[in-house]
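This report concerns a single predicted model and selected features of its architecture. Please consult the sequence and structure shown here.

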Amino acid sequence: EKPGLELAVVSVPSYACQRHTPLLHHNTILTDALSILAENAELSENEGRGVAFRRAAALLKSLPQEVRGAEQLRGLPCLGEHSLRVIKEVLEDGVSHEVETTMHSEQFKAMKALTGIFGVGAKTADRWFREGIHNPSNLQRSGHTLNRAQRIGLKYYDELNLPVTKPEAVAIGQIVERAVHAVLPGAEITLIGGFRRGKQTGHDVDFLITHPDEGREEGLMPKVVSWLEAQGFLLYQKTTGNSYLESKEGPARPASNMDRFERCFSIFRLSTDNEGREIQTGDGPQTYSPTLTNTDPHTHSDTHPHSKTDSHPLPQTLVVVGDHAQKVSRVLGHSQCSGPRSWRAVRVDLVVSPYSQFAFALLGWTGSKLFERELRRWAVHEKAMTLSSHALYDRKRMQYLRASSEEEIFAHLGLEYIPPCDRNA
Ligand code: TTP
Ligand code: MN
Ligand code: MN
Ligand code: MN
C-alpha cells in the first residue's frame, strides 16, 4: 500500500483563492522545479505558459502532504500535461531534464541576471542578451545609455539582490511612519506584500498608506517624499499620481492589472553600523511614537483593517546579527562605492489609497501575484463581478459593492475568508 493514496479522493478546488496556501508546504522539490519553468516562460514573455506552471505549483503548495507518486495526483485540478510530465520526472528520477537544461542555459542565466537590475524588464534584457550582454559587468562596459532607474540599479546591483529581512522591513516601517506622520498626523501605515503574508524575507518592502478622513490623503505622496529626501533617506524615487478619477475607462475596467493609486517606487538608504548590525538612527524615542498597524500574519485578530488594538511600541534600535549581517557587510565591503559603508540600499514601494478603497487596496497589494490573479478570475468567471485594487463591481446588479474589510470582499465574492498567511499561492 502506497502512503497518502487518500490525496486522490480529497477534492481540491481549482481556484487558488478557494484554497489555503501556507508559506511552508510539503512539495518544495516539485514546486521549485515548476517555478523555474514558470520564470523562464515569464522571461520569454510567454505569460500563458508561465501562469500554467504557476497554477500547477500553487496546487501542490496547497496539498496537506508530500506527493510521492503520480497516482496520487489523479483527479486534481490545475495540472496540465506539461506540468504533470515534469512532476512525474522529478518523482521518478529526482530531477527534470527540462528544468536542468533551462536552469543552466545561457539565456535563462543572462535574462535572470539582467532583469535582476532594478529598472530592467524582460524586453530590454532580451534585446541586450541578443547583443551579447549577459550580465551587469557586460552592460557596464557596453556603453549603453541607461535611464536613471537602471543606473542606480546597476550601481547597487549586489545589495538590491540581497534579501530584505523582516527586521530591516520593520526599520523601514519606522522611517515611513515618521515621514507620514510628520506631514499628515493620523494617517495609517500598513505593511503589505510578502511580509504581510508572513515571509521572513522579500525583494522589497511594501506599504499602504491611508487616512480615516477621506480626502486628507490626497497629494500625500509628494510631501512624504520631500520629507524623506530632506532627511537623506532616499537614494531614488519615482512617484506617480493617482489617475483613478481622471480615467475614462471607469474604475471597474482597468486597462491592465495595474492600479492607479498614488504610488512611489523607491530605494531607501537604510543605516547599518560598522559591525554589520542594523541600527536605525532617528530623532530619538521621545519624538516618535510608533503606531504601525499589527499585521502579524499568524494572528487572525486583525479582522478590521484599521484596528489598532494590537499596536505596541517598536524597538528604537534594531540589531541584526548572524548570517544576514555577514552577507550585508560582505556585499557593502565589495560595493563599487569607496570602501565599506554604514548603510545599505533597500527597495521600497509606497501606495496611498483613499479610506473608502482601503480594503480593496489591502487585498490587492497583499498578494501573492497568483492569488490576486485567481481572485480576479474567480470574480469574472464565477460571479460576473470585476475586482480591482479600487473596487468590486457586480455586473448583474450593475452596482459597486462596498467593503471596509477584506472579509467583506471575500463574502461578496462568495469565498471563504483566506487569511494573508494562507495566500502564498
Ligand atoms: P511585490 O512586492 O512585487 O511582491 P511580493 O511582496 O509578494 O514579493 P517580494 O517578497 O518578492 O517583494 O508585489 C506585492 C503585491 O503588490 C503583489 O500582490 C501585486 C501587487 N502589485 C500591484 O497591485 N500593482 C503593481 O504595480 C505591483 C508592482 C504590485
Ligand atoms: Mn514586496
Ligand atoms: Mn493561519
Ligand atoms: Mn513591491
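The sections below treat the basis of the model, a metal site, a helix pair and a sheet.

## Basis

This is a predicted model, in which local features need pLDDT of at least 70 and side-chain atom pairs count only at pLDDT 80 or more, while totals for chains, interfaces and linings use all residues. Residues are numbered from 1 along each chain as written, chains are lettered from A and ligands numbered from 1 in the order written, and side-chain values use heavy atoms, without hydrogens and water.

## Manganese site

Asp204 (OD), Asp206 (OD) and Asp349 (OD) are the protein donors of the manganese ion (ligand 4), at 2.1 to 2.2 Å. Donors are N, O and S atoms within 2.8 Å of the metal (3.2 Å for Na, K and Ca); water is not among the atoms, so sites may look incomplete. The spacing of these donor residues in sequence is D-x1-D-x142-D.

Aspartate 204 also coordinates the manganese ion (ligand 2), which lies 3.6 Å from the manganese ion (ligand 4). Aspartate 204 is buried at 6% relative accessibility, and aspartate 206 is buried at 8%; buried means under 20% relative accessible area, exposed over 50% and partly exposed in between (1.4 Å probe, protein chains only).

## Sheet

Strands, which are DSSP runs (E) of at least two residues numbered from the N terminus, form an open antiparallel sheet of 3 in the order E8-E9-E10. The edge strands are E8 (385–387) and E10 (399–400). Strands pair if DSSP finds at least two bridges between them; E9 (residues 392–394) and E10 have 2 bridges, and tyrosine 393 has tyrosine 400 in E10 as its bridge partner.

Methods
Helices (H or I, at least four residues) and strands (E, at least two) are DSSP runs, numbered from the N terminus.
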